[in-house]
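Open the model in your viewer and keep the sequence panel beside it. The tour goes stop by stop: make a selection, then read what is there.

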Amino acid sequence: MKKIIIILFCLLFLSGCYDYRELNEIAIVNAMGIEMDKGLYKVSAQIINVKKTDMVSYGESAKIIMFYGKGKTVYEAIKDIEITSSKKLFLAHVRLVIFDKSFIGDKISDVTDYLSRDTDIDLSFYCATTSDNTPSEILETITPLGTLPAVDLINSLKVSALDHGTTSLVTFKDLLDMSLKKGINLSLPNINLTKKKNDKDKDNTELLKDTKLSTYILADELVIHDFENNIVVLSKNESLGINILKNKLKTSLITLKCDSEFYTMEINKGKTKMNYDKENNSINIVVSVSSTVGEYNCKDDISKKDINNMRGKEIEKRIKDIINNTIENAKKNKSDYIGIGNFIYKNYNKFYPSTEKEYNEVIFPNMNVKVLVNNKVYKDGNLMSSIKKGKR
């Protein structure tokens, strides 16, 4: 009998519902934007509409509702939203946070404290910035192909990063890692809103009725800051070069000219190794990639070994040029967003300068770089040669 009483007593403390919240008491935040507005933090919250209403004319109801708050701190701005929404913000489901470009660089620590400190927030959410718009403008945009705008934004980032290699997927943990590590500067994926001139005065509901996609969100580059804390938007090739050097490349395309036509190769899973010569301040970089033939309009036969090798060497040269240009531009910006300094710090710690400023302004810009690229063309597709070559 005593055992039964003890078991029943223990069950009182084993309930998993002690912090249970009713769904109608909370506002589930799917994405947030953080920017500055007249000296105050402005937080835009994209809240999932869990209650069906007839307040809008298109569809059954709006999938999301936007709320805005301002404050002297990010926390105060979020609490300001709760006043207008009349519900407590539930941040455990935040999947994306878009930071204003002004925070990229030293100011990023101004907005990361609250996001790191709140125990309800899962730190695996994705981070991005916008160079041409404000975070609120991006989050306000309803996309016709997505069920939830934040999900569509994340899918755009994933396609650009995993299928094209022209941007990177950066979680909040990655952002903190880059902010705290020595020898690497912050880089974030760039999201911009593209809208035709004659559609700029239309609202989202009007744009969704058009069969031609005139407004869309483009995630296609990386944004960094230089030694003077200026914002720099990298080109697609520079973003690709960074992904190769950071071993983040999954898939990308390279198109080159042959005869009067073009051919496209798909490069896959780049692997980069570095070796630092401390005496000569020189870094040796070896990149290994594999490639497949995506489209081949040249007159020669790609199935022949010598032609296959020749095209493989052309891809090697193109990748080498991309990497060299990426590093040279980083040296000009005096900002090592590639992570070479972090490699030196981890592997040659006693040779790393005492300050980041000395590394970025003296060591890194004067570093000698040697790049070697190895490419193996391992798949030609279903065709032995170009269809044009086979014409009679």
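Two strands pair if DSSP finds at least two bridges between them. Helices (H or I, at least four residues) and strands (E, at least two) are DSSP runs, numbered from the N terminus. Residue numbers start from 1 along each chain as its sequence is written. This is a predicted model, where local features need pLDDT of at least 70, side-chain atom pairs count only at pLDDT 80 or more, and totals for chains, interfaces and linings use all residues, while side-chain values use heavy atoms and leave out hydrogens and water.

**Stop 1: β2 and its partners**

Select strand β2, residues 40-48. Seven of its nine residues are buried, so the rest of the structure largely encloses β2. Buried means under 20% relative accessible area, exposed over 50%, and partly exposed in between, with a 1.4 Å probe and protein chains only.

Add strand β3, residues 64-71. β2 and β3 run antiparallel and are joined by eight bridges. To place the register, pick Y41: G71 in β3 stands opposite.

Now add β1. Eight bridges join β1 to β2, and these two also run antiparallel. V29 has I47 in β2 as its bridge partner. Then zoom in on the hairpin of β1 and β2. Two residues lie between the strands, and K38 takes a positive phi near 55°.

**Stop 2: β5**

Select strand β5, residues 96-100. Five of the five residues are buried, so β5 is largely enclosed by the rest of the structure. Show the side chains. In a regular strand, side chains alternate between the two faces of the sheet. Here L96, I98 and D100 point one way, V97 and F99 the other way, and all are buried.

What flanks this strand? Strand β1 (residues 26-37) pairs with β5 in the parallel sense over four bridges. A31 is the residue opposite L96. β6 pairs with β5 too, in the parallel sense over five bridges. Its residue Y126 is the bridge partner of L96.

Follow the chain from β5 through α3 to β6: this β-α-β crossover is right-handed. That term means that, with the strands pointing away from the viewer, the path from the first strand over the helix to the second runs clockwise.

Pause at K101, in the loop between β5 and α3. At 34% relative accessibility, K101 is partly exposed. Draw a distance from its C-alpha to that of I224: the two are 9.1 Å apart in space and 123 residues apart in sequence.

**Stop 3: aromatic pairs**

Rings of Phe, Tyr and Trp (its six-membered ring) pair if their centres lie within 6.5 Å; planes under 30 degrees apart count as stacked, over 60 as edge-to-face and the rest as tilted. How many aromatic pairs does this rule give? The count comes to nine.

Select Y75 and Y114. Their ring centres are 5.1 Å apart and the planes are at 20°, so the pair is stacked. Y75 lies in helix α2 (residues 74-85) and Y114 in helix α3 (residues 109-117), so the pair ties together parts 39 residues apart in sequence. Colour by accessibility: Y75 is partly exposed at 44% relative accessible area, whereas Y114 is buried at 13%.

Go on to F125 and F172. These rings are stacked as well, because their centres are 4.9 Å apart and their planes at 20°. F125 lies in the loop between α3 and β6 (126-130) and F172 in helix α6 (residues 172-180), so this pair ties together parts 47 residues apart in sequence. Both F125 and F172 are buried.

Finish with Y345, Y352, Y359 and F364, a cluster linked by ring pairs.

**Stop 4: α8 and the cavity**

Select helix α8, residues 236-245. Eight of its 10 residues are buried, so-called mostly covered. Among the buried ones are E238, L240 and I242. Just after α8, N247 takes a positive phi of about 60°.

Keep I242 selected and add S168, V170, M178, S187, L222, K246 and K248: these residues line the largest cavity. A cavity is a set of points on a 1 Å grid over the protein atoms alone where a 1.4 Å probe fits but cannot get out; lining residues have an atom within 4 Å of a point. The count is one cavity of 30 Å³ or more. About 30 Å³ of space lies in the largest cavity, where volume is the space filled by probe spheres set on the points, with grid points joined across faces, edges and corners.

Key: On a 1 Å grid over the protein atoms alone, a cavity is a set of points where a 1.4 Å probe fits but cannot get out, and a pocket is an open set with protein on both sides within 12 Å along at least five of seven lines; lining residues have an atom within 4 Å of a point.
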